[in-house]
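Dear colleague,

Please find the structure below, handed over for your files. My notes on it follow.

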Amino acid sequence: MPDVSVLMTSVGAYLPKKILTNQDLSVFVETNDEWIRQRTGITQRHIVDDGELTSDMAREAALKALQRVGLDGSDIDLIIVATTTPDDTFPSTATKLQHQLGATCAVAFDIQAVCAGFVYALDIADAMLRTGRGRKAIVVGAESFSKILDWKDRSTCVLFGDGAGAVILERDDDPSDWGIRSSILHSDGAHRDILFVDGGPSSSADVGHVRMEGNKVFRHAVEKLSSVMDEALAAAGMTVSDVDWLVPHQANIRIIDGMQKKMQLPSDRVIRTVDKHANTSAASIPLALSVAVNDGRIKNGEIVAFEAIGGGLVWGAALVKYGRPKN
Ligand code: COA
């Protein structure tokens, strides 16, 4: 039994109002609904409106997560925003969020691990709360990927969407089997060239656009995700039969279904939102979690497995007993 537990007590999410369907895309790029659905499972994506920022979405998601458990910004000690599409090069989106939430006592910073950003941020927040660097944290995944897409490149622009999701983590000094049970991360920079953005502050004059060799990324995905999930299960002393729900990164329905088969999980134990949200990078897991908690599928005390892979490559998995033990 660990010395303390780090509970995941709440979730909130935000999606921009504007929706772009596959049909809408086919008007300005050579693609069609059938190709996108068959290869990716995506039917639509939400896109930020003019002037709507990553920090605006992060704030809405964080407020919903706070309200669900009756907390406000002043209760929070730590804010981590996972994003690859911050409002500005600096300061961080997290410090903006801190100010907007009135979280005056919180330490706030961004982390960048692209589509694995949420599992990376979760791991860091878990370690910080476990070692006494605060009692309550907000971990946010928030992305405006539409801002870094090349809207003329049909092989990438059809895949992504915008949104934000947030979870509340709370340190519990009574050790139990609740909360974050294990978390494993990996990185391998040798694969940089299969998924990257061709711009950035030190390499170019602009922020650049997403470039990807999709089939190479695809080949890495299921293999790396299933092996890191095995590591996370072993670290938690669990087997697949202990897992109630898989909440995977929502990049592509074929990767999600591949993971489900590899893990030999029943199909209805996997949360799929890629059809409506597309790939929202660091936001995709908390967005999917929020959908499944709100519609009553994921309940207090159930074991949830998270996994994600992103540009770098970076990847990871975590196992969480969701919610709070009843007194
Ligand atoms: N609409 C229509 N045709 C398209 C298209 C689109 N949006 N995008 C690509 N095509 C075409 C290609 O030009 C190619 O045509 P060709 O055979 O005449 O050259 C054909 O479709 C097949 O392209 P390919 O890239 O081999 O397709 P694929 O089966 O690998 O599917 C992805 C492409 C991107 C859907 C798939 O590789 C994938 O999902 N990869 C993982 C990407 C991912 O998840 N990245 C994020 C990780 S966080």
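Lysine 224 lies over the face of tryptophan 315, 5.2 Å from the ring centre; a charge counts as over a ring if NZ of Lys or CZ of Arg is within 6 Å of the ring centre and within 35 degrees of the ring normal. Arginine 269 is likewise placed over the face of tryptophan 245, at 4.2 Å from the ring centre.

This is a predicted model, in which local features need pLDDT of at least 70 and side-chain atom pairs count only at pLDDT 80 or more, while totals for chains, interfaces and linings use all residues. Residues are numbered from 1 along each chain as its sequence is written, and side-chain values use heavy atoms, leaving out hydrogens and water.

A search of the whole structure finds three aromatic pairs (rings of Phe, Tyr and Trp, the last by its six-membered ring, with centres within 6.5 Å; planes under 30 degrees apart are stacked, over 60 edge-to-face, the rest tilted). One of them joins phenylalanine 118 and phenylalanine 306 edge-to-face, at 6.1 Å centre to centre and 75° between the planes. Phenylalanine 118 lies in helix α5 (residues 117-130) and phenylalanine 306 in strand β12 (residues 303-310), so the pair ties together parts 188 residues apart in sequence; helices (H or I, at least four residues) and strands (E, at least two) are DSSP runs, numbered from the N terminus. Both phenylalanine 118 and phenylalanine 306 are buried, meaning under 20% relative accessible area (exposed is over 50%, partly exposed in between; 1.4 Å probe, protein chains only).

Yours sincerely
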